[in-house]
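Please examine the fold shown below before reading on. The report is written for a reader who is meeting protein architecture for the first time.

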Amino acid sequence: MIPTPPPTVIQGGMGVAVSSWQMARAVAHTGELGVVSGTALDAVLARRLQDGDPDGHARRALAHFPDPAMADRVLQRYHRPHGRTPGTPYRPHPTLTLTPSRDAIDLCIAGNFVEVWLAKEGHDGPVGINLLEKIQMATPTAVLGAMLAGVDYVLMGAGIPREIPRLLDDLAAGRPAAITVDVAGASDTHHTSIDPSAVLGAHLPVLHRPHFLAIVSLHSLAAYLSRDPQIRPDGFVVEGPTAGGHSAPPRGRLELDQRGDPIYRPRDVADLAAIATIGLPFWVAGGQATPEAVADARAQGAAGVQCGTLFALSTDSGLDSDLRTQLEARLRAGTLTVRNDPRASPTGFPFKVAHVPGTVSHETTYAARPRLCDLGYLRQPYARPDGGIGYRCPSEPVEQYLRKGGDLGDAVGRKCLCNALLANIGLGQTRKDGYVEAPGLTLGQDLSSARRLAALHPHGWNARDVVHWLRSTLDQSTD
């Protein structure tokens with residue numbers, strides 16, 4: 001059951017650590033729901049430690065980890081007290097598989113614990129973690145790490161997250177927990193699992209079950225998830241087509257406009273009145289980040305709104321400061337544009353790409369990158385002819401992808417989002433040949449609210465400023 005009253009504002013979980021623990025903590029301090037991005041937090045922790053953890057935040061969090069031996073293993077493997085020598089590549093960390101190694105389990109649990117623990121440090125405001133259904137192989141371990149830190153909400157989109165309620169129930173009870181993994185071409189069912197008692201032993205504390213919010217784009221999906229208590233979430237975030245990051249493709253045959261963006265029609269927009277009849281709390285997202293939109297959402301039965309772009313452009317954002325400055329400057333100059341690229345993401349979902357020089361949104365930057373896949377968060381497991389399980393990604397070298405049974409048409413135009421998103425936060429890989437991974441930025445397509453906020457804050461804004469502005473009409477009505 002969602003607490004009463006529910007939050008009015010949910011700060012979106014964006015990119016890889018763009019929704020940083022600092023941002024989530026600042027939002028939670030206001031009483032609204034601060035959310036950390038749960039994507040690739042194993043890589044984030046490993047690379048921050050290799051850079052020396054100069055502010056000591058990661059090590060401070062790990063000092064509170066319930067299993068000191070696991071925390072010590074992570075520190076021994078990745079922490080470099082004096083940081084990396086400039087130009088030195090980051091040490092590789094394990095990629096996702098159906099049966100992860102002990103090092104992979106340690107790092108994933110610790111990475112998610114650290115981010116949530118830091119977001120919750122020193123206050124009792126609500127903190128959530130945002131996960132992608134498409135990254136199934138990481139989900140059980142990531143959720144366990146977040147729950148060890150006391151996460152209050154789990155949010156998930158980019159798919160149909162029907163198994164998450166049971167996963168949360170099992171982990172809260174200390175039972176082995178599993179989810180189904182989609183394996184292309186497999187005739188049998190495959191799972192990935194985690195047994196908290198086996199992993200943590202006597203160090204396993206009592207776990208609190210977080211609330212679960214399913215991110216949906218259509219009222220039909222909300223209705224489907226709500227029918228069965230076994231898959232019913234505690235609420236919904238209802239995303240419209242302009243929301244940043246991944247978005248659901250239009251229903252029916254894909255049609256593109258003159259820019260090459262998918263064309264969405266009225267049937268692709270959720271019926272909020274139908275969702276309100278379900279009786280679960282819901283929040284609207286995608287072009288809803290204004291005080292007027294908050295009031296309108298409430299009038300239609302929603303608890304409030306989820307907002308990403310305004311927070312991504314705030315000074316609490318995890319974006320590299322130079323990139324954020326470029327985005328803000330282009331926003332103020334009226335030259336910032338965001339495409340909904342149907343080809344960019346290896347997932348096959350349309351992905352919002354902000355056009356900024358020096359990022360993979362520009363064809364010359366994209367073409368200059370060696371095509372490779374070494375992080376593997378968006379890899380697809382597939383059944384090999386010999387009966388084993390292989391892993392492939394449409395963004396890997398084309399000849400490798402084809403050799404693994406991939407289709408050439410799926411590889412055209414795909415970008416390596418994993419490496420680009422880590423570069424967005426200053427953790428991009430440096431290759432042995434000197435190549436440095438370029439960033440790839442995503443924002444929502446409706447920038448009108450960001451322009452309004454920029455006019456109100458000519459010198460920039462922080463996460464608290466966003467919350468106060470979004471709540472301003474409601475707060476005035478209660479004065």
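The following paragraphs describe the overall form, the sheet, the nonpolar cores and the salt bridges of this model.

**Overall form**

The model is predicted. Its protein chain contains 19 helices and 14 strands. The radius of gyration is 21 Å, close to the 23 Å that the globule rule gives for 479 residues, so the chain is as compact as a globular protein of that length. Along the principal axes, the C-alpha atoms fill a box of roughly 60 × 55 × 50 Å. Of the 479 residues, 57% are buried. Among contacts with a separation of 6 or more, 70% join residues that lie 24 or more positions apart.

**The sheet**

Strands of a sheet pair through backbone hydrogen bonds, in either a parallel or an antiparallel arrangement. Here, 8 strands form an open sheet with parallel pairing, in the order E1-E10-E9-E8-E7-E4-E3-E2. Its edge strands are E1 (9-11) and E2 (34-37), each of which pairs on one side only. From one strand to the next, the twist averages 25°. Helix H1 (residues 21-29) packs on this sheet and touches E1, E2 and strand E3 (127-132). The direction of H1 makes about 170° with that of E2.

Within the sheet, strand E7 (residues 211-216) and strand E8 (residues 235-239) pair in the parallel sense over 4 bridges. Val 216 stands opposite Val 238 in E8.

**The nonpolar cores**

In soluble globular proteins, nonpolar side chains tend to be buried together. The largest nonpolar core of this model has 130 residues. Those with the most contacts inside it are Ile 129, Leu 310, Phe 311, Leu 327 and Leu 470. Helix H5 (residues 102-120) gives the most to this core, with 11 residues. Leaving aside residues up to four places away in sequence, Leu 470 touches Val 9, Ala 289, Thr 290, Pro 291, Val 294, Cys 307 and Leu 310. A second, separate core has 12 residues, including Leu 33, Val 35, Val 237 and Ala 303.

**Salt bridges**

Side chains of opposite charge can pair when their charged atoms come close. The count of salt bridges comes to 26. Three of them are listed here.

| Salt bridge | Closest N to O distance |
|---|---|
| Asp 51 and Arg 84 | 2.9 Å |
| Arg 209 and Asp 234 | 3.2 Å |
| Glu 396 and Lys 404 | 2.9 Å |

The bridge between Asp 51 and Arg 84 links distant parts of the chain, 33 residues apart. Asp 51 lies in the loop between helix H2 (41-50) and helix H3 (57-62), and Arg 84 in the loop between helix H4 (68-78) and H5. Asp 51 is partly exposed because its relative accessibility is 29%. Arg 84, with a relative accessible area of 21%, is also partly exposed.

The bridge between Arg 209 and Asp 234 likewise links distant parts of the chain, 25 residues apart. Arg 209 is in the loop between helix H8 (196-200) and E7, while Asp 234 is in the loop between helix H9 (219-227) and E8. Which class does Asp 234 fall into, buried or exposed? At 17% relative accessibility, Asp 234 counts as buried, because buried means under 20%. Arg 209, at 24%, counts as partly exposed.

In the bridge between Glu 396 and Lys 404, Glu 396 is buried at 4% relative accessibility, whereas Lys 404 is partly exposed at 24%. Finally, a network of salt bridges links Arg 259, Asp 261, Arg 339, Asp 341 and Lys 415.

Methods: Residues are numbered from 1 along each chain as its sequence is written. This is a predicted model: local features need pLDDT of at least 70, side-chain atom pairs count only at pLDDT 80 or more; totals for chains, interfaces and linings use all residues. Side-chain values use heavy atoms; hydrogens and water are left out. Two strands pair if DSSP finds at least two bridges between them. Helices (H or I, at least four residues) and strands (E, at least two) are DSSP runs, numbered from the N terminus. Axes are lines fitted to C-alpha atoms, for helices over the stretch in contact, and angles run from 0 to 180 degrees between N-to-C directions. Contact means heavy atoms within 4.5 Å. A nonpolar core is a set of buried Ala, Val, Leu, Ile, Met, Phe, Trp, Tyr and Cys residues joined through side-chain atoms within 4.5 Å. Buried means under 20% relative accessible area, exposed over 50%, partly exposed in between (1.4 Å probe, protein chains only). A salt bridge is a side-chain nitrogen of Lys or Arg within 4 Å of a carboxyl oxygen of Asp or Glu. The radius of gyration is taken over C-alpha atoms; the globule rule is 2.2 Å times the number of residues to the power 0.38.
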